[in-house]
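I am keeping these notes as I look through a structure that is new to me. I begin with the ligand and go on to the sheet, the helices and a few points of backbone geometry.

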Amino acid sequence: MTKDIATPIRTKEIMKKYGFSFKKSLGQNFLIDPNILENIVSHAGLTKEDGAIEVGPGIGALTEHLARASKKVVSFEIDQRLLPILQDTLSPYDNIKVLHADILKADVATTIKEEFTDVEKVMVVANLPYYVTTPIILKLLTENLPIQGLVVMLQKEVADRIAAKPGSKTYGSLSIAIQYYTEASTVMVVPKTVFMPQPNVDSAVIKLMKRDTPAVQVIDEEFFFLVTRSSFAQRRKTILNNLTSQLPDGKAKKESILSALSAAEIDPTRRGESLSIPEFGALADALYPFFK
Ligand code: SAM
């Protein structure tokens with residue numbers, strides 16, 4: 001087996017050889033601990049029949065572990081400077097394709113169709129750039145891609161919000177937006193010391209396994225998400241006050257909102273953080289006729 005990229009010595013060597021300097025604005029914090037990488041990859045449950053999509057390969061630390069564990073890896077990297085480096089560091093592997101692209105602008109559906117013609121499943125596995133974690137996860141979930149799930153490293157604070165359950169302080173519209181599509185769990189908390197350079201915040205790895213159908217069936221998804229966002233606009237306010245102040249013409253429609261809350265059997269003095277996803281679904285459907 002070739003020497004791991006993800007050691008402090010090898011990472012420094014590669015940086016020096018290419019005169020590479022980290023760009024903070026691109027969230028470049030590279031992993032320098034092979035054990036963490038092994039652990040991340042094992043949570044993805046990949047076999048030699050599977051495909052892996054990676055966002056931001058950096059100098060290839062995680063990419064090579066994915067190549068060893070799967071049939072094929074496709075990595076999207078925004079930073080042009082890393083392409084010649086990756087060509088060098090990943091040269092021992094013949095099952096990796098690196099694409100120079102911004103993941104937020106990339107046509108991932110077409111890439112999957114073209115690159116993964118003969119795999120059993122596709123997982124997204126990444127150490128995400130922290131400045132843009134939520135948009136990346138939401139893009140990959142809302143585009144209805146043929147992926148089984150994601151195992152991704154991100155800020156612990158965001159991981160906590162994503163995986164939060166009703167009644168907890170971190171439960172909010174982000175928890176619902178992601179748990180609507182997936183079963184979410186935090187699988188690992190990661191210390192700052194395994195990165196170069198070290199980030200300012202603690203990190204965690206979350207596993208998001210896509211549901212066969214969303215967590216709740218609703219009449220209109222967009223309206224459901226508007227209701228959830230509105231319900232958390234001011235966390236200390238009751239659900240009634242948030243809905244009347246946030247929904248279009250909410251104040252004028254207070255009586256309709258009260259009757260929808262009653263139809264969904266939700267006490268108007270409750271706070272958004274106490275409502276489960278099925279309760280939000282029932283509430284959105286009861287409100288929908290008054291706002292469509
Ligand atoms: N995978 C490497 C590792 O674990 O050592 C690097 C991870 S680093 C946290 C994030 C990587 O994402 C960097 O290589 C950065 O250049 C890249 N990146 C940042 N924004 C991106 C975007 N919008 N699309 C694709 N890659 C991006």
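Which of the 23 residues around the ligand come nearest? I looked this up first, bearing in mind that the model is a predicted one, and I noted Leu31, Gly56, Glu77, Asn127 and Tyr131 as the residues that come nearest to the ligand.

**Entry on polar atoms at the ligand.** I then turned to individual atom pairs, and for Tyr131 I found that an N or O atom in the side chain is 2.8 Å from a nitrogen atom of the ligand. A nitrogen atom of the ligand also lies 2.9 Å from a polar side-chain atom of Asp102, while for Gln28 the partner of the polar side-chain atom is an oxygen atom of the ligand, at 2.9 Å.

**Entry on the sheet.** I followed the strands next and wrote down an open sheet of seven strands with mixed pairing, in the order S4-S3-S2-S5-S6-S9-S7. Strand S4 (96–100) and strand S7 (182–190) are the edge strands, each of them pairing on one side only, and from one strand to the next the twist averages 20°. Within this sheet I looked at the pair formed by strand S5 (residues 122–127) and strand S6 (residues 149–155), which run parallel and are joined by five bridges; here Val124 stands opposite Leu150 in S6.

**Entry on helices.** Which strands does helix H2 lie across? I found that H2 (residues 34–44) lies across S5, S6, S7 and strand S9 (203–210), and that H2 runs at about 165° to S7.

Further along the chain I checked helix H9 (residues 221–231) and helix H10 (residues 239–246), which pack at an angle of about 115° with their axes 8 Å apart, in a crossing that is right-handed. On the side of H9 the contact is made by Val227, Ser230 and Ser231, and on the side of H10 by Ile239, Asn242, Leu243 and Gln246. I sorted the residues of this contact by character and noted three nonpolar, four polar and no charged.

**Entry on backbone geometry.** Last, I went through the loops, where I noted that a cis peptide bond joins Met196 and Pro197, with omega at about -15°, and that Pro197 lies in the loop between strand S8 (195–196) and S9. In another loop, between helix H6 (133–142) and S6, I found Asn144, whose phi is near 55°, a positive value in a residue other than glycine.

Terms used:
Residues numbered from 1 in each chain as written. Predicted model: local features only at pLDDT ≥ 70, side-chain atom pairs only at ≥ 80, totals over all residues. Heavy atoms only, no water. Axes fitted to C-alpha atoms, helices over the stretch in contact; angles between N-to-C directions. Helix = DSSP H or I, 4+ residues; strand = E, 2+ residues; numbered from the N terminus. Left-handed = near helix turned anticlockwise from the far one by under 90°. Contact = heavy atoms within 4.5 Å. Nonpolar A, V, L, I, M, F, W, Y, C, P; charged D, E, K, R; others polar. Pairing = 2+ DSSP bridges. Near = heavy atom within 4 Å. Polar contact = N/O pair within 3.5 Å; in protein donor to acceptor, adjacent residues only side chain to side chain.
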